Structure formats: structure tokens, C-alpha cells
Amino acid sequence: MTGLNTILILVGLFLAGGVYSFSKQGMPKGVIVLLSIASVMCLVAGVMRIQGLWD
């Protein structure tokens with residue numbers, strides 16, 4: 001696992017935590033949706049790089 005994979009996965013998990021926190025605080029739905037999309041994109045990119053599907 002390279003450094004970029006690790007960074008992408010950690011950023012994705014950090015954003016997922018932000019989604020959870022913001023939803024508990026009652027933040028606007030638009031912010032939660034944007035963070036959710038960014039989180040999923042980072043996690044998927046990190047996993048795809050680990051699997052070797054995206055070089």
C-alpha cells in the first residue's frame with residue numbers, strides 16, 4: 001500500500017466522521033450531501049488503487 005492510498009482512505013474516513021458529526025448537529029442537508037460524496041469518492045479511489053484497478 002502506497003502513501004497515496006493511505007492518504008485517500010484516511011481523508012475519506014475523516015470526511016465520513018464529519019458527515020456523522022454534522023448530521024448530529026443538524027447542519028444543512030447540502031453540506032452533509034457534499035461531504036458524503038467527497039467521502040465516498042476518496043474511499044473508492046483509495047480502494048481502487050489498492051486493488052490495482054486504477055493506476
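Reader: Which residues of α1 are buried?

Author: Before the list, keep in mind that this is a predicted model. As a general idea, an α-helix has 3.6 residues a turn, so residues three or four places apart point the same way. In this case, the buried residues of α1 are Asn5, Leu8, Ile9, Gly12, Leu15, Gly18 and Val19.

Reader: OK, and what covers the buried residues of α1?

Author: Cover comes from contacts, so look for heavy atoms within 4.5 Å. Here the cover includes α2, residues 29–51. Turn it around and you find α1 among what covers the buried residues of α2. On the α2 side, Ile32, Leu35, Ser39, Cys42, Ala45 and Gly46 are buried.

Reader: There's an asparagine in that α1 list. Is asparagine 5 buried or exposed, and what is it in contact with?

Author: The general test is relative accessible area, and under 20% means buried. Asparagine 5, found in helix α1, has a value of 5%, so it is buried. Setting aside neighbours within four places in sequence, asparagine 5 is in contact with Gly46, Arg49 and Ile50. Gly46 is itself on the buried list for α2.

Reader: What about isoleucine 7, buried or exposed?

Author: Use the other cut-off this time: over 50% is exposed. Isoleucine 7 also lies in helix α1, and at 51% relative accessibility it counts as exposed. Together with Leu4 and Val11, Ile7 makes a nonpolar surface patch of about 250 Å².

Reader: How do I check the span of helix α1?

Author: Allow 1.5 Å times one less than the number of residues. Helix α1 runs over residues 3–25, and its 23 residues should span 33 Å; the end C-alpha atoms are 33 Å apart, so the two agree. For α2, with 23 residues, the expected span is 33 Å and the end C-alpha atoms are 33 Å apart, so that agrees as well.

Reader: And what comes just after each helix?

Author: Try looking at phi there. Glycine 26, just after α1, takes a positive phi of about 80 degrees. Following α2 is glycine 52, with a positive phi near 80 degrees.

Reader: Which residues does the "transmembrane region" annotation cover?

Author: With an annotation, read what the record says, then look at the model. The UniProt annotation, from an unreviewed entry, puts the "transmembrane region" at residues 31–50. In the model, that stretch is 100% helix and 0% strand, with its end C-alpha atoms 29 Å apart.

Note on methods: Residues numbered from 1 in each chain as written. Predicted model: local features only at pLDDT ≥ 70, side-chain atom pairs only at ≥ 80, totals over all residues. Heavy atoms only, no water. UniProt positions renumbered as here; feature names shortened; annotations may be inferred. Helix = DSSP H or I, 4+ residues; strand = E, 2+ residues; numbered from the N terminus. Buried < 20%, exposed > 50% of the residue type's maximum accessible area, 1.4 Å probe, protein only. Patch = residues over 30% accessible without salt bridge, like charges linked within 9 Å, V, L, I, M, F, W, Y side chains within 5 Å. Areas by Shrake-Rupley, 256 points an atom, 1.4 Å probe, with all protein chains shown as cover. Salt bridge = Lys/Arg side-chain N within 4 Å of Asp/Glu carboxyl O.
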